[in-house]
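Here is a friendly note to read alongside the structure. It walks through the open and closed spaces of the model.

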Amino acid sequence: MATRFDAAQVAHIHQQLHSHLPSESALRVKALETLLVDRGLVNPQTIDAWIEAYTEVIGPKRGAQIVARAWTDPDYHQRLLQDAPAAIDELGFLGKATAHLKVVENTAAVHNLVVCTLCSCYPFSILGVAPAWYKAAAYRSRAVRDPRGVLAEFGVDIDSKVEVRVWDSTAELRYLVLPQRPPGTEGMNAEELAKLVTRNSMIGTDRDLGKE
Amino acid sequence: MDGIHDLGGKQGYGPIEVDEDETPFHHDWEAREWGIAQSARTPGITIDWWRHCRELIMPQDYLERPYFDSWAQTDFSTYIEAGWMTLQDLEKNGAESAGANMDDDPLPALSLEQVLQEDREHAFRFDADIDAEPAFAPGQAVITASHGHAGHTRLPQYARGRHGTIHACHGAHVFPDLSAQGKEVHQHCYSVVFSAAELWAEAAGSPDKVYLDLWESYLVAG
């Protein structure tokens with residue numbers, strides 16, 4: 001009862017699943033859970049716990065804390081750029097999909113944008129569940145080809161002199177964008193600064209923080 | 001494989017739904033599927049095999065069914081392929097339990113603290129030391145392979161046969177094309193930077209860059 005890596009069989013299974021699955025998403029997932037629970041392959045309370053973990057504990061607030069720390073602590077900033085997994089581990093945030101994390105830093109001359117054109121790779125343990133648009137065909141297809149057009153749709157206009165760097169997550173590396181600290185925030189502490197950091201700014205679909 | 005999943009550079013998918021609220025799940029069933037995917041994995045499965053099973057979803061289903069629905073379908077396919085359940089079980093819609101519990105004891109319920117600990121343990125590494133020296137060094141010009149193959153691979157179509165430059169060496173990482181067949185082989189992996197103009201005719205004169213992480217066998221010296 002182990003994985004056999006039989007791609008031809010899986011292609012056949014998908015053909016069957018095309019017509020044999022229940023008609024609605026909710027019913028399909030319900031059927032899946034029922035079959036797993038009946039066979040003792042999953043405990044429904046464990047599913048509950050995973051949902052709670054990614055609703056209440058793990059999410060973009062972690063990423064925002066990392067960014068705010070980097071803004072306020074030059075040594076941490078340096079460690080984050082040099083060895084991001086170790087730096088996020090200091091905050092207890094190392095976990096699912098972040099063992100090969102890289103941090104890419106925005107500057108006045110550079111804007112970074114992250115995508116996964118082949119699937120939906122995302123640094124779960126620091127940003128939580130990816131937004132639906134990140135996983136949708138519209139974003140995955142265009143981010144590498146028309147990043148400025150994509151950014152404009154998010155309300156971000158990039159000066160023609162700024163270089164846009166698109167990071168396509170084709171391997172097990174994951175990318176976190178370190179946005180620029182907004183001007184006029186010199187008096188704010190890390191906790192206050194973290195509130196200015198948007199989820200999208202850490203993916204790269206937001207740039208100038210602290211502006212209404 | 002040259003599948004529907006390989007979306008980079010494709011056109012016609014319309015505007016992005018940018019106004020989505022930031023809650024992690026928008027329906028209960030999405031949350032259930034998230035939890036299932038974290039909790040129930042077939043023995044011996046690799047991330048690349050799971051990705052390949054998702055790529056093998058029929059194109060119309062891949063594009064039309066919601067994202068977490070495609071996860072459910074991927075999970076179904078891995079469970080059926082591994083013999084955990086059958087298509088016939090599914091046709092009964094889970095109404096009737098065809099098989100006895102595979103474990104003598106029911107699985108214990110994990111608490112929030114326990115799954116958070118598991119999440120920390122899921123910081124899986126994919127790199128290893130290998131004897132072979134990296135074939136390329138930062139700054140070196142490379143050309144990507146012109147062709148893919150029918151199996152799982154991580155060189156997207158839009159970056160095939162293109163001239164790039166090695167930006168960084170990541171060390172040796174598990175090679176996905178073989179990992180999707182259950183074989184763990186490490187190969188040097190690189191961050192490769194391409195000018196937007198090299199990839200897209202309409203980007204002539206653009207200062208923009210696209211970075212991909214690519215394995216050594218996808219590359220030759222440029």
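The points below take the pockets first and the cavities after them.

1. Before you start: this is a predicted model, in which local features need pLDDT of at least 70, side-chain atom pairs count only at pLDDT 80 or more, and totals for chains, interfaces and linings use all residues. Residues are numbered from 1 along each chain as its sequence is written, chains are lettered from A in the order in which they are written, and side-chain values use heavy atoms, with hydrogens and water left out.

2. The largest pocket holds about 920 Å³ of space. (A pocket is an open set of points on a 1 Å grid over the protein atoms alone, with protein on both sides within 12 Å along at least five of seven lines; lining residues have an atom within 4 Å of a point. Points are joined across faces, edges and corners, and a volume is the space filled by probe spheres set on them.) It has 41 lining residues, and those closest to its centre include B:Arg41 and B:Phe126.

3. The second largest pocket holds about 570 Å³. Among the residues closest to its centre are A:Lys135 and B:Tyr67, out of 26 that line it.

4. Now the closed spaces: there are two cavities of 30 Å³ or more. (In a cavity a 1.4 Å probe fits but cannot get out.) The largest has about 50 Å³, and its lining includes A:Glu172, B:Arg51 and B:Phe126.

5. The second largest cavity has a volume of about 30 Å³. A:Lys135, B:Tyr67 and B:Trp71 are among its lining residues.
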